[in-house]
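Subject: Structure for you, plus some notes

Hi,

Here is the structure I promised to send over. Have a look at it first, and then read on for what turned up.

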Amino acid sequence: MVAEPVSSPHLNRAHMSIQTEERPTLQRSMTARHLIMIALGGVIGSGLFLSSGYTISQAGPLGAVLAYLIGAFVVWLVMVCLGELAVAYPVSGAFHIYAAREIGPATGFTTAWLYWLTWAVALGSEFTAAGMLMQRWFPGIAVWVWCLVFATMLFTLNAVSSKVFGESEFWFSLIKVLAIVALIIVGTAAIFGWTPLSSIDREPILLNNFVTPDGLFPTGIGGVLVTTLAVFYAFSGSELIGVAAGETKDPEHNIPRALRSTVLRLLVMFVGSILVIAAIVPWESVGVTESPFVDVFEYAGVPFAPDLMNFVIITALLSAGNSGLFSCARMLFSLAEQGNAPRALARLTRRGVPIVALSVSMAFGLASLATSVIAADTVYLVLVSIAGFAVVAVWMSIVASQFLYRRRILREQGDASSIKVPAPFYPFVPITAFVLLAISIVAIAFDPTQVAALWFGVPFVGLCYLYYWWRFGRPGARPTTPIDEESHAL
C-alpha cells in the first residue's frame with residue numbers, strides 16, 4: 001500500500017520534526033508475553049474481584065454467565081478488527097490514528113482524548129482504592145500517603161523504559177492470573193465436594209444454585225441486559241495491545257498471537273470465575289460480601305483468605321493503574337506527534353519514554369483523585385461519566401476504522417491479499433460489533449445508574465469535534481499521520 005500525500009500542514013510539520021534521526025524514538029522492546037499481560041492487567045481489576053458478586057445478584061447465576069459470554073464475544077469481534085489494523089500500522093497510539101486516517105481527523109482527535117481521559121480518571125480511583133485496602137494492615141497511615149507511594153512507584157516503573165514497564169506489568173498481572181486460576185481449581189473441586197483444607201465435610205453441590213425457585217433467570221431478561229452493559233465496561237483494557245503496538249518487537253507475529261491469547265484467557269478466567277462463584281455462593285447474598293473470591297476460598301478452607309485476597313486486589317489495582325498510566329502517556333505522545341497537542345508532549349528520553357506526556361498524565365490522575373474528595377458530586381461525577389462512556393465509543397471507532405480500511409483496500413486493490421492478518425467474516429464482524437456496541441450505548445439511557453454517562457459523554461464528544469474544526473478546520477481529505485511512513489518502514 002502506498003500512502004497518500006500530506007494533506008494537513010500541521011501534521012506534516014509535527015511528523016517531520018519528530019522523525020529526525022537525531023531524536024530518540026519509541027523502543028520496540030516488548031514481546032507477546034508482555035502484550036498479553038498488559039491487556040490482562042488493564043482488564044482484570046476490582047471489577048472482577050469485587051463487583052462480580054454484584055453482577056451475579058443482578059442477573060442471577062445463569063444470567064451472569066450469559067452476560068459474560070456475550071461480553072467475551074464482543075471483545076473477540078473488536079480484537080480481530082484491532083489485530084488487522086495493528087499489524088498493518090503498528091504505531092504508538094494505534095487506534096485513534098486509525099480513526100483519523102479512515103474515518104476523519106476530528107474523529108481520531110476525539111477518540112484519543114476520550115481514551116486518555118478514561119485512564120487518567122481511573123488512575124485516581126485505583127490509587128484511592130488501593131490506599132483504602134492498605135488500611136487493613138496499616139490503619140494508622142492515611143490513605144493519601146499510600147496514594148503518593150503508589151503513584152511514585154508506578155511513575156518510576158513507566159519512566160525507566162518500556163521494557164521495565166512491560167516486565168513489571170507481567171509480574172503484576174501474573175499474581176492476578178494465578179489467583180483466578182486458584183479460584184477456578186479450588187472452587188471446582190469444592191463444587192464436587194472435595195475440600196481437603198476445610199475442617200467441614202462438604203457435600204457435592206454441583207450446579208444446584210443455578211436452578212432457582214423463579215427459574216433460570218430470576219431477575220428476568222432485563223437483568224441480563226443491564227448486566228451485559230456493565231460487562232462491556234469490565235472487559236475494557238483489552239485494547240491496550242493496540243496502544244503498545246508501536247513498542248512491540250516483530251508486530252506481525254506478536255500482535256496477532258497476543259490478541260488471540262488475550263481473548264481466550266479472558267473467556268476462560270472471567271466465565272470460569274463467574275461459574276464457580278455462582279455455583280458456591282447463593283446468588284441472593286453474593287453481592288453483599290466484600291469479595292466473592294473470599295467466600296469461595298473460605299468455603300474451600302483456604303487459610304488467611306481475606307488477607308490473601310486483600311493482597312491480590314491491591315496488586316490488581318496497581319496493575320490496572322500501571323497499564324493506565326502507560327496508555328495515557330502514549331496517547332498524549334501520539335497526539336503531539338500529529339500536531340494535535342502541545343509539541344512538548346512528544347519529547348522522549350534517551351530510552352524512548354515520553355516523559356513529559358507521562359508527567360502530565362500522572363498529574364491529571366492525581367488531580368482527579370483530589371476531585372473525588374472535594375468535588376465528588378460535580379467535577380468527579382463528570383469525569384467518571386465521560387470515562388465510562390468512552391470505553392464503548394472507542395471500541396466503536398476501532399471496528400468502524402477496520403470496516404472502512406478493508407473497504408478502501410478492496411476498492412483500490414480488488415482483493416484483501418495484501419492484508420497480513422485479515423479479520424475473518426468481513427463485513428459481518430465489524431458491522432455486528434458496531435451494532436451491539438451502539439445498542440449498549442442506547443440502553444445506557446434506561447439504566448439510572450449509568451445514564452450520567454450520556455449526559456456528559458455526548459456533549460464532551462461534541463465539544464471535541466467543535467474544537468478540532470475551530471482549531472484546524474475541516475480538511476476534505478484524510479490526514480497523513482505517522483502510520484503513512486513509519487508503519488511501512490518496518
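One definition before we start: a residue is called buried if its relative accessible area is under 20%. Also keep in mind that this is a predicted model.

Let's begin with Phe150, which has a relative accessibility of 6% and so counts as buried. Trp146 comes out at 12%, so it is buried too. These two residues sit 4 apart in helix H8, which puts about one helical turn between them.

Now for their rings. Two aromatic rings are described as a pair by how far apart their centres are and by the angle between their planes. Another pair comes up in helix H7: the ring centres of Trp113 and Trp116 are 5.6 Å apart and the planes stand at 85 degrees, so this one is edge-to-face. For Trp146 and Phe150, the centres are 5.9 Å apart and the planes are at 25 degrees, so that pair is stacked. Trp113 and Trp116 are 3 residues apart in H7, again about one helical turn. Trp116 is buried, with a relative accessible area of 8%.

How many aromatic pairs does a search of the whole structure find? The count is 18. There is also an aromatic cluster that includes Trp113 and Trp116, along with Phe109, Phe364, Tyr467, Tyr468, Trp470 and Phe472.

Next, how the helices meet. H7 covers residues 105-134 and H8 covers residues 143-160; their axes come within 8 Å and cross at roughly 125 degrees. H7 and H8 are therefore oblique to each other, and the crossing is right-handed. On the H7 side, the contact uses Phe127, Thr128, Ala130, Gly131, Met132 and Met134. H8 brings in Val143, Trp146, Cys147, Phe150, Ala151 and Leu154, so you will recognise the stacked pair there. Sorted by class, this contact has 10 nonpolar residues, 2 polar ones and no charged ones.

Then there is helix H9 (residues 162-191) with helix H13 (residues 292-299), whose axes come within 9 Å and cross at roughly 45 degrees. That angle makes H9 oblique to H13, and here the crossing is left-handed. Ala179, Ile180, Ala182, Leu183, Gly187 and Ala190 of H9 meet Phe293, Val296, Phe297 and Tyr299 of H13. By class, the contact has 9 nonpolar residues, 1 polar residue and no charged residues.

Happy browsing!

Notes. Residues numbered from 1 in each chain as written. Predicted model: local features only at pLDDT ≥ 70, side-chain atom pairs only at ≥ 80, totals over all residues. Heavy atoms only, no water. Axes fitted to C-alpha atoms, helices over the stretch in contact; angles between N-to-C directions. Parallel < 35°, antiparallel > 145°, perpendicular 65-115°, else oblique. Left-handed = near helix turned anticlockwise from the far one by under 90°. Contact = heavy atoms within 4.5 Å. Nonpolar A, V, L, I, M, F, W, Y, C, P; charged D, E, K, R; others polar. Phe/Tyr/Trp six-rings, centres within 6.5 Å; stacked < 30°, edge-to-face > 60°. Buried < 20%, exposed > 50% of the residue type's maximum accessible area, 1.4 Å probe, protein only.
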